Amino acid sequence: KTNIIVIRNGYDPIIFNNENNHKSDYFVFVGRIAPIKNIEDVLFTFSIIIKHEKFNNFKLKIIGDYNSNLNYTNKLKKLIKEYAISNFVDFVGPKYNKEKYSLIAGAKCLFCLSHMENDPVVIKEAFSVKTKVLINSNFGLGDFINEKNIFLKKNTSINLDKFFNFINSDFDDNLIVPIYDWKRVANLYENIF
């Protein structure tokens with residue numbers, strides 16, 4: 001008999017002042033500016049959302065090093081112009097520690113629509129500051145589909161009334177997939193070995 005133990009990725013707990021967990025009217029993407037992260041779909045989804053009357057004041061903040069892959073960044077900028085959302089999308093560059101967590105904590109929702117993910121740290125970072133997450137059903141995100149703080153985007157459709165209610169409802173602290181900081185993850189490895 002073999003026991004299989006799954007030890008998931010952790011996150012860095014950052015202490016910062018976010019009084020009353022205030023959320024502003026923006027969405028956030030955090031990650032590498034690379035094709036595997038499927039930022040095209042983030043932009044497409046945002047362009048659909050922003051047309052709904054309940055969302056017409058929202059912004060999208062893209063956190064990541066947009067100079068690391070200029071060809072891809074230029075492709076994204078063309079899509080932004082094509083979708084007529086230039087006034088609503090900001091490339092804010094790479095952010096770290098408190099600055100990154102503050103941007104995530106202030107967002108109504110984090111978008112994670114990658115082509116492929118493996119236990120994404122960014123979802124844990126979002127959950128650690130009580131920010132909800134929009135995902136697709138691609139490989140690696142299946143464990144999170146039934147979380148109450150997750151909104152699943154199926155194919156190209158999104159029910160915007162349901163999404164609006166989702167982002168404006170309270171964060172549910174009862175997580176199905178537990179989130180641990182890296183210290184606890186290291187302790188789990190240590191206990192195995």
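This report describes two pockets and one buried acidic residue in a predicted model.

## The largest pocket

The largest pocket encloses a volume of about 470 Å³. Its lining comprises 32 residues, and those nearest the centre are Val30, Gly31, Lys100, Val122 and Glu125.

Four secondary-structure elements each contribute at least two residues to this lining: strands S1 (26-30) and S4 (109-112), together with helices H3 (97-106) and H4 (121-128). By residue class, the lining of the largest pocket consists of 16 nonpolar, 7 polar and 9 charged residues.

## The second largest pocket

A volume of about 160 Å³ is found for the second largest pocket. The residues that line this pocket include the lysines Lys23, Lys108, Lys130 and Lys132. The run Ile167, Asn168, Ser169, Asp170 and Phe171 also takes part, as does Asn21.

In the lining of the second largest pocket, 5 residues are charged, 3 are polar and 2 are nonpolar.

## The environment of Asp41

Asp41 is located in helix H1, which spans residues 39-49. The relative accessibility of Asp41 is 17%, and the residue therefore counts as buried, since the limit for that class is under 20%.

The side chain of Asp41 forms a polar contact of 3.0 Å with the side chain of Lys153. When neighbours within four places in sequence are set aside, Asp41 is in contact with Leu113 as well as with Lys153. Lys153 thus appears both as a contact of Asp41 and as its partner in the side-chain polar contact.

How values were computed
Residues numbered from 1 in each chain as written. Predicted model: local features only at pLDDT ≥ 70, side-chain atom pairs only at ≥ 80, totals over all residues. Heavy atoms only, no water. 1 Å grid on protein atoms, 1.4 Å probe; cavity = no way out; pocket = protein on both sides within 12 Å on 5 of 7 lines; lining within 4 Å. Points joined across faces, edges and corners; volume = space filled by probe spheres on them. Nonpolar A, V, L, I, M, F, W, Y, C, P; charged D, E, K, R; others polar. Buried < 20%, exposed > 50% of the residue type's maximum accessible area, 1.4 Å probe, protein only. Polar contact = N/O pair within 3.5 Å; in protein donor to acceptor, adjacent residues only side chain to side chain. Contact = heavy atoms within 4.5 Å.
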